[in-house]
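Visitor: I have a chain open here and want to go through how its parts fit together. Can we start with the layout?

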Amino acid sequence: MALATVNSRAQNGLQADPVAVEVHLSPGLPGLSIVGLPEAAVRESRDRVRAAILNSGYQFPNRRITVNLAPADLPKEGGRFDLPIALGILAASSQIPGQALHDLEVLGELSLSGEIRPVRGVLPAAIKCSKMGRKLLIPEANLEEAQLAGGCELKIASQLGALCAILHGEGLASVPPRQRPPAAISAPDLAEVRGQYQAKRALEIAAAGSHSLLMCGPPGAGKSMLAVRMPGILPPLGEEESIEVAAVASVSANGFDPQDWGRRPYRAPHHTASGVALVGGGGQPRPGEITLAHHGVLFLDELPEFDRHVLEVLREPLESGQITVSRAARQVDFPARFQLLAAMNPCPCGYLGDSAGRCRCTPDQVLRYRSRLSGPLLDRIDLQVYVPRLDSAELTAETPPAAESSTAVRERVIRARTRQLERAGKTNAALTPNELQRDCVLDEATRQLLATALTRLSLSARAYHRVLKVSRTIADLADAATVSAAHVAEALRYRQFERDAAG
Ligand SMILES: [Zn+2]
């Protein structure tokens, strides 16, 4: 047989589209040409495949070899197709039985010695194979990740020579399926943070309704300490969510670590992060921080220091839960349903409002500093809370008053979320204005309170809806069926910025 086809899969965002690797041997000038890969990838792949075949004790055919990766218009990275190309060449030159490959899909990079190396993005491919009822042959080092897909018949190999010997003999056995490991849910405990009751309360409300939260306060007040504890008070990830999180990590630059199965992501990019690092992109589009934070927490410390244009890009995913990354003629969609936590100093020096009167900033400087955050972005942040520095008595107290553990807070968060999902099928942060009107019926006194506050704080229509959503969540945390004046009054306390602006 001078023609062989091996099935494989490309990686395109979180898609794993099928690719047929066709190998044809013909008489003519000996050589290997690969159609459908970028030039640089072709060169590298050609060298690896040739050396791996020779070093595994097989012949590299002294013929004209044409490899075609179809369809032509998919993005294709070189490495993952090494193994399918090598198997195709060996089958086309009758050095291995071709029928052994018929019902398989194959992924794997080769070393010059014939070792089969792990590749990125195995989980999305395994999920697809599982849905299509296909068998998947992968590098042994990718097994743990691929098994998370569940229901996909997996075969593994670690050496090209050994793999071919098995294909000649008894054939390739499937790996027995494995239970998914228990979810990793370790996060630092909220009980370790002293004081800061209002900030902790805001964090709990944010977690309960999946609201975005901005913490404003001087350096050293503990804003980052609070933020990093957010994943620990969120409900555990569901099975589907865990798979989505793992699939995102699987196609990222660092790959997926099976130790992180079931862990809510927590991402805290530095304010010097580029737009591409934050939202994703690149020649082979990779997920950015907002996608790596999918189903988890994105913490932006020193919010006004971020590039304004970069922050503006956050507005779309904050509404839609996904981001479209365009590159030349290609578009890739990545999920980006993250919970936004942000922090900032109250003024350039950080000490505005400090009781020791350390701030030397002029009102003009303070205004300029704050105006770096656009109104539309602030409008999209549901909760704003001031986080003061603890006084020395609170800091040095030998036996601080017992603080609640993350586990206790999470219990309330889960109950409040359950109420939301049973009532509306979604969290309060995601309610549309119409749904809000249905689920947030106010009595006359409460309506009056809200109307007065609206005028006094000159809230936009969007900010008004955010106050209502937060009120609904506060009521849910209190197991209350209706939203009362007390709930609305508390929600209004978390519009710190309008309050300041209104003086
Ligand atoms: Zn200052």
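Guide: This is a predicted model. The domain assignment splits the protein chain into domain 1, residues 3-168, and domain 2, residues 190-501.

Visitor: How many residues does each domain put into the contact?

Guide: Domain 1 contributes 18 residues and domain 2 contributes 17.

Visitor: And how far apart are the C-alpha centres of the two domains?

Guide: The centres of domain 1 and domain 2 are 45 Å apart.

Visitor: OK, what area is buried between them?

Guide: About 1,500 Å² is buried between domain 1 and domain 2, with 60% of that coming from carbon and sulfur atoms.

Visitor: Which three residues supply the most on the domain 1 side?

Guide: Leu14, Arg120 and Leu148 do, giving 37% of the area that domain 1 buries against domain 2.

Visitor: Switching to polar terms: how many salt bridges cross the interface?

Guide: Zero by the rule applied to domain 1 and domain 2. Polar contacts are present, though: four residue pairs between the domains, with both residues at pLDDT 80 or more.

Visitor: Which elements give two or more residues to the domain 1 side?

Guide: Helix 3 (122-132) and helix 4 (143-147). Helix 3 has the largest share, with four residues on the side of domain 1 that touches domain 2.

Visitor: How do the residues on that side divide into nonpolar, polar and charged?

Guide: On the side of domain 1 that touches domain 2, eight are nonpolar, four are polar and six are charged.

Key:
Residues are numbered from 1 along each chain as its sequence is written. This is a predicted model: local features need pLDDT of at least 70, side-chain atom pairs count only at pLDDT 80 or more; totals for chains, interfaces and linings use all residues. Side-chain values use heavy atoms; hydrogens and water are left out. Domain bounds come from an automatic or database domain assignment. Contact means heavy atoms within 4.5 Å. Buried area is the accessible area (1.4 Å probe) that two parts lose on being put together, summed over both. A salt bridge is a side-chain nitrogen of Lys or Arg within 4 Å of a carboxyl oxygen of Asp or Glu. A polar contact is a pair of N or O atoms within 3.5 Å; within protein, one must be able to donate a hydrogen and the other to accept it, and residues adjacent in sequence count only if both atoms are side-chain atoms. Ala, Val, Leu, Ile, Met, Phe, Trp, Tyr, Cys and Pro count as nonpolar, Asp, Glu, Lys and Arg as charged, and the others, Gly among them, as polar.
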